[in-house]
Amino acid sequence: MDSGSYIAFDGERRIAAGCRPRFVSAAKATLDRRKEASILVFDGLTSDPIEVDFRGSIDDVLARLPASATMQDAAPATAADAAPRGPGRPKLGVVAREVTLLPRHWEWLAQQSGGASVALRRLVDAARRNGEDGDRVRLAREAAYRFMSAMAGNQPHYEDALRALFADDPARFEKLIAAWPADLRGHASTLAKPAFRREPGAGAG
């Protein structure tokens, strides 16, 4: 299942990025000019490789592509929105459910500003934010790694750049990929940026 966003490369040169018709049109035009062109297509968010059969017309190619995750995910979201709400404050989307805690937990909650419910909601929101930040870093790091492994294995300082990616060292990462072809460098940098917890230049270079 793919995200519906793509990036296509002809060797080290990016030929298209964006939606299906855009990258298919660019790839077909490249193949029409050079039958020996080596076109690689990646999911624009995850860097998963996308297998594309470019035979036939543009419509033929589009019809053979897998369904987009963005379209497939729309129905469950709509169904969830339509589901009846339980007791609570329905206008705010608040649902009442049983929570089982030890006495010391209830005592601590009772001392918090706004009471137990407000304190629990704050704790859950904080945990979600922390978890989402960790997920963002992990997913971005994986996407950058997949792309670099597929496209940049022969580039100078490739292995050191991977080490900098996983070591959370953006300044060193940018320095190590500086000599790469512009399109490879640009996309690797874009993918890696959300994987770093600090801005380039904030740590050792």
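Let me begin with the sheet, which in this predicted model is an open one built from three strands in the order β2-β1-β3, with antiparallel pairing. Because β2, at residues 13–18, and β3, at residues 39–43, stand at the edges and have a single partner strand each, one side of each is left without a neighbour in the sheet. From one strand to the next, the twist averages 20°.

If you look at β1, residues 6–10, you will see that five bridges join this strand to β3, the two running antiparallel, and that Ala8 stands opposite Val41 in β3. Helix α1, residues 20–33, packs on the sheet and touches β1, β2 and β3, with a direction that makes about 150° with that of β2. Helix α9, residues 182–192, lies across β1 and β2 and runs at about 155° to β1.

Now to the nonpolar cores. The largest has 25 residues, and those touching the most other members are Phe9, Phe147, Met148, Ala161, Leu165, Phe173 and Trp180. Two or more residues of this core are given by each of β1, α6 (115–151), α7 (158–166), α8 (170–176) and α9, and the largest share, six residues, comes from α6.

Phe147 deserves a closer look: leaving aside its neighbours within four places in sequence, Phe147 is in contact with Phe9, Phe42, Ser47 and Ala152, and also with Leu184, His187, Ala188 and Leu191.

Finally, there is a second, separate core of 17 residues, which includes Ile50 and Val61 together with Ala8 and Val41, the two residues that I described as standing opposite each other, with Val41 in β3.

Technical notes
Residues numbered from 1 in each chain as written. Predicted model: local features only at pLDDT ≥ 70, side-chain atom pairs only at ≥ 80, totals over all residues. Heavy atoms only, no water. Pairing = 2+ DSSP bridges. Helix = DSSP H or I, 4+ residues; strand = E, 2+ residues; numbered from the N terminus. Axes fitted to C-alpha atoms, helices over the stretch in contact; angles between N-to-C directions. Contact = heavy atoms within 4.5 Å. Core = buried A, V, L, I, M, F, W, Y, C linked by side-chain atoms within 4.5 Å. Buried < 20%, exposed > 50% of the residue type's maximum accessible area, 1.4 Å probe, protein only.
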